[in-house]
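Me: I am new to this structure and would like to go through it step by step. Could we begin with the ligand?

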Amino acid sequence: MATLKILVVDDEPGIRSGVSRILRDFKADFPFIDEPIGYEIHEAESGEEAIEIILKHNPEIILLDNKLPGIQGIEVLEWIKKNNIDTLVVMITSYASLELAVKATRDGAHDFVPKPFTPQELRASIENSSKHVFLRKMTQQMHKEGKQIRFQFLTVLSHELKAPLNAIEGYLQIMQEKQLGEEISAYDKVIDRSLERITGMRNLILDMLDLTRLESGKTVQKKEMVVLNDIARNAIDIMRPYAIQKDVDVYLNASKRISYLAYPDEMEIIFNNLISNAVKYNIQGGRVDCMIREEDSTIEITVSDTGIGMNEEGIENIFHDFYRIKNQETRKVSGSGLGLSILKKTVELYEGNVDVSSVPGKGTTFTVKLKK
Ligand SMILES: Nc1ncnc2c1ncn2[C@@H]1O[C@H](COP(=O)(O)OP(=O)(O)OP(=O)(O)O)[C@@H](O)[C@H]1O
Ligand SMILES: [Mg+2]
């Protein structure tokens, strides 16, 4: 889907040609798409003509003025709704009256761009609409392929991806406008923050890939005898730089090498998530203990930390997609809130379960049991 069709409905020729000009060379790019999205613009000068073009060309996005010579924009919107037309409508109107806004939103308008608008405002709205179109198509596609992906997941996802994009865009604007002066060092903080947001976004995307792979039930690897001690060691190594910064000691306790028939990357998901959490939500100078034990019919993995802990409400929710405990102590810790939900789904693939016990201010212990 490299090109989206946009229909501009406005009786003023100046607006129509202006929109065409602004969007002609514009491309929307998101980290989660393969190629940037370009646009093919269609124009209509009345509601009647708009309906003809909609039926003929199926535009993905419609920029709709309300005040038109024949039928009004809002009536076009009603027609779209009644006929279940799969398109996204952005109202462009100089009378951004509250009443009209409410009615248009009720009838399914996606966004409002009050006239007169700047090229930037228009592009921002088109960019946002494109993301919705993309996610909508993705959901439909997944339904078609029999993949179960929850709509709510995608809604939250788009929100989660929008937030860092907005932040980074804001930071770049500060730099573009040289708001902090000519001295490059004045921008250190702004650059650091942008990089942080990018890291967060990358992690989210990686998590998302894990999740879609799990949900589609496809694995590329083969099950093999995995030495869990090695996987644990590796997970500890990954977190080492962070652990050193926080002065957290991480210990692995296993009396022998324990092998288990599994997909290696799924075992990595389990250890990486437990150990990264235990370090991330720890205190300065804290400690993490990872234990692996083999019983008759199960493998038991425990990861205990001396960290900030969590209350009942937290414990009840941490396995939900995107859930993060928000308080003073977690404010500076980055994450997407997907780690544990992925972990739980993974553990269930092995007919296992995961338990958590925690005391606020004292620490947390996660216990994972996998069926042998
Ligand atoms: N060991 C722990 N101690 C205290 N709180 C924890 C611990 N592990 C998880 N949590 C809480 O549970 C929430 C959900 O954890 P989860 O691993 O799913 O997401 P995350 O760490 O925020 O992000 P991600 O793992 O996707 O980078 C965390 O945000 C944190 O508030
Ligand atoms: Mg985590």
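Reply: A residue counts as near a molecule or strand if its C-beta atom, placed from the backbone, lies within 6 Å of it. This is a predicted model, in which local features need pLDDT of at least 70 and side-chain atom pairs count only at pLDDT 80 or more, while totals for chains, interfaces and linings use all residues. Residues are numbered from 1 along each chain as its sequence is written, and chains are lettered from A and ligands numbered from 1 in the order in which they are written.

Me: Which residues come nearest to ligand 1?
Reply: There are 24 residues around ligand 1, of which Asn277, Ile325, Gly335, Gly339 and Leu340 come nearest. Helix H7 (188–216), H9 and H11 are the elements that give two or more residues to this shell. Helices (H or I, at least four residues) and strands (E, at least two) are DSSP runs, numbered from the N terminus.

Me: And the shell around ligand 1 by class, what does it have?
Reply: It has nine nonpolar, twelve polar and three charged residues. Here Ala, Val, Leu, Ile, Met, Phe, Trp, Tyr, Cys and Pro count as nonpolar, Asp, Glu, Lys and Arg as charged, and the others, Gly among them, as polar.

Me: Leu340 caught my eye. Which loop residue is in contact with Leu340?
Reply: Isoleucine 318 is in contact with Tyr323 and Leu340, leaving aside its neighbours within four places in sequence. Contact requires C-beta atoms, placed from the backbone, within 7 Å. Isoleucine 318 lies in the loop between helix H10 (312–317) and H11.

Me: Is isoleucine 318 buried or exposed?
Reply: Isoleucine 318 is buried, because 22 other C-beta atoms lie within 10 Å. The cut-offs are 20 or more other C-beta atoms within 10 Å of its own for buried, 12 or fewer for exposed, and partly exposed in between, with C-beta atoms placed from the backbone.

Me: Now the interior. Which residues touch the most other members of the largest nonpolar core?
Reply: Ile270 and Ile275 do, in a core of 34 residues. H8, H9, E9, E10, helix H11 (339–349) and strand E12 (363–371) each supply at least two residues, and H9 gives the most, with eight. A nonpolar core is a set of buried Ala, Val, Leu, Ile, Met, Phe, Trp, Tyr and Cys residues joined through C-beta atoms within 7 Å.

Me: What is isoleucine 270 in contact with?
Reply: Leaving aside neighbours within four places in sequence, the contacts of isoleucine 270 are Ile301, Leu343, Thr346, Val347 and Val368. There is also a second, separate core of 32 residues, including Leu7, Tyr39, Ile62 and Ile74.

Me: Back to H8. Where does it bend?
Reply: H8 bends by about 55° at arginine 240, and proline 241 follows within four residues. The bend is the angle between axes fitted to the seven residues ending at a position and the seven starting there. Among the buried residues of H8 are Leu228, Ile231 and Met239.

Me: What follows just after H8?
Reply: Aspartate 247 has a positive phi of about 55°.

Me: Which peptide bond is cis?
Reply: The bond from lysine 115 to proline 116 is cis, with omega near -5°. Proline 116 sits in the loop between strand E5 (111–114) and helix H5 (119–144).

Me: Lastly, how many helices and strands does the chain have?
Reply: The chain has eleven helices and twelve strands. Buried residues make up 28% of its 372 residues.

Note on methods:
Two residues are in contact if their C-beta atoms, placed from the backbone, lie within 7 Å.
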